[in-house]
Amino acid sequence: MKRQMARTLTEYPVWDRMVRWFHWINVLSVIGLIAIGVAIMNSKALGVTTEGKILLKTWHVYVGYVFVINLAVRLFWSFIGNRFSRWAAILPLGQKYKQQRQLYLDSINEGKPVGFAGHNPLARLMVTLLFILLTIQAVTGLVLGGTDVYMPPFGDSFKAWVAESPQTEALVQPYSKDGVNEAAYQQMRDFRSPFKEIHEIVFWVLSLAIILHILGVVYSELRERNGLVSAMFTGKKVFKDTPVDWDED
């Protein structure tokens, strides 16, 4: 239920607890992954030893597990969460979205902000892009974790691929040639190569998207003053007028 806060402002519950938890866990895990990833990419310049590099990659995968599980829960929640959490309120599709997008663009041109309880039309484009980029990073990262440091869920399969025989699988360790068939190892590395390239490219694209996302949040907060930032803590936004998407079916 919406609740009157003052004469001119009304409070609307928007983001449920699961969405808020996802957001902040995702923020922390992405920051951790970026920090470790940058250290890995610059390991030579930083003078990191082989053992140190293995440790960095191992922790990169550990943080990656948190990131992947959190993302998977959020994607599933998009089917069962409240109406502002679902795909219908996220994906930039449909006639209603087109109408709202035009309304939003007109409001910018006219300098008269309109309120959206959920994501505004431009934010929906950004959130969709972020979900795509995060999913690509999750998939490619799991593959790289298996090829580089032989960690689950694919590590055992890659060990079996590069081992001289089933008896030598236990000898296969990161950055070691013990028990490894050189030809099979090269085949595995060739298989790994496009995943690594995609992972690195999307890293830079995602970094740019995050910057644009933050700028968009700041712009919307200053322009609309609906409590956009605080809503990710409280779950509630405030509006003078009923948000245009509040009464949607």
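In this predicted model, helix H1 has 25 residues and reaches 36 Å from its first C-alpha to its last, close to the 36 Å expected at 1.5 Å a residue. Its buried positions start with Val19, Arg20 and Phe22, carry on through Asn26, Ser29, Val30 and Leu33, and finish with Ile36, Gly37, Ala39 and Ile40. So what sits over these residues? The cover includes the helices H2 (43-46), H3, H5, H7 and H8 (231-234).

Helix H3 (residues 50-80) gets the same kind of check. Its 31 residues should span 45 Å at 1.5 Å a residue, and the end C-alpha atoms are indeed 45 Å apart, so expectation and model agree. The buried set of H3 mixes side-chain types: Lys57, His60 and Arg74 are in it, along with Thr58, Asn70 and Ser78, and also Val61, Val63, Gly64, Phe67 and Leu71. These buried residues pack against H1 (17-41), H5 (121-148) and H7 (182-224). H1 and H3 thus turn up in each other's surroundings, with H3 listed in the cover of H1 and H1 listed among the packing partners of H3.

Just past H3, the loop leading to helix H4 (95-110) holds alanine 88. Is alanine 88 buried or exposed? With a relative accessibility of 68%, alanine 88 counts as exposed, because the cut-off for that class is over 50%. The C-alpha of alanine 88 lies 8.7 Å from that of serine 78, a residue 10 positions away along the chain. Serine 78, for its part, belongs to the buried residues of H3.

The loop between H5 and helix H6 (155-162) has a couple of backbone oddities. Tyrosine 150 lies in this loop and has a positive phi of about 55°, although it is not a glycine. At 9% relative accessibility, tyrosine 150 counts as buried, since the limit is under 20%. A little further on, proline 152 and proline 153 are joined by a cis peptide bond, with omega at about 5°; proline 153 is placed in the loop between H5 and H6 as well.

Where does arginine 225 lie? Arginine 225 is found in the loop between H7 and H8. Its phi is near 50°, again a positive value in a residue other than glycine. Here the relative accessibility is 60%, so arginine 225 counts as exposed, whereas tyrosine 150 counts as buried.

Stepping back to the whole chain, there are 8 helices and 3 strands, and they follow the order β-β-α-α-α-α-α-α-α-α-β along the sequence. The radius of gyration is 23 Å, well over the 18 Å that the globule rule gives for 249 residues, so the chain is more spread out than a compact globule. Along the principal axes, the C-alpha atoms fill a box of roughly 75 × 35 × 30 Å.

Buried residues account for 41% of the 249 in the chain. Of the contacts between residues at least 6 apart in sequence, 69% join residues at least 24 apart. About 14,400 Å² of the chain is exposed, and carbon and sulfur atoms supply 65% of that area. As for charge, the chain has 26 positive and 21 negative charges, and the mean positions of the two sets are 9 Å apart.

Conventions. Residues numbered from 1 in each chain as written. Predicted model: local features only at pLDDT ≥ 70, side-chain atom pairs only at ≥ 80, totals over all residues. Heavy atoms only, no water. Helix = DSSP H or I, 4+ residues; strand = E, 2+ residues; numbered from the N terminus. Rg over C-alpha atoms; globule rule 2.2 N^0.38 Å. Buried < 20%, exposed > 50% of the residue type's maximum accessible area, 1.4 Å probe, protein only. Contact = heavy atoms within 4.5 Å. Areas by Shrake-Rupley, 256 points an atom, 1.4 Å probe, with all protein chains shown as cover. Lys, Arg positive; Asp, Glu negative; His and termini not counted. Charge placed at Lys NZ, Arg CZ, Asp CG, Glu CD. Expected span 1.5 Å × (residues − 1).
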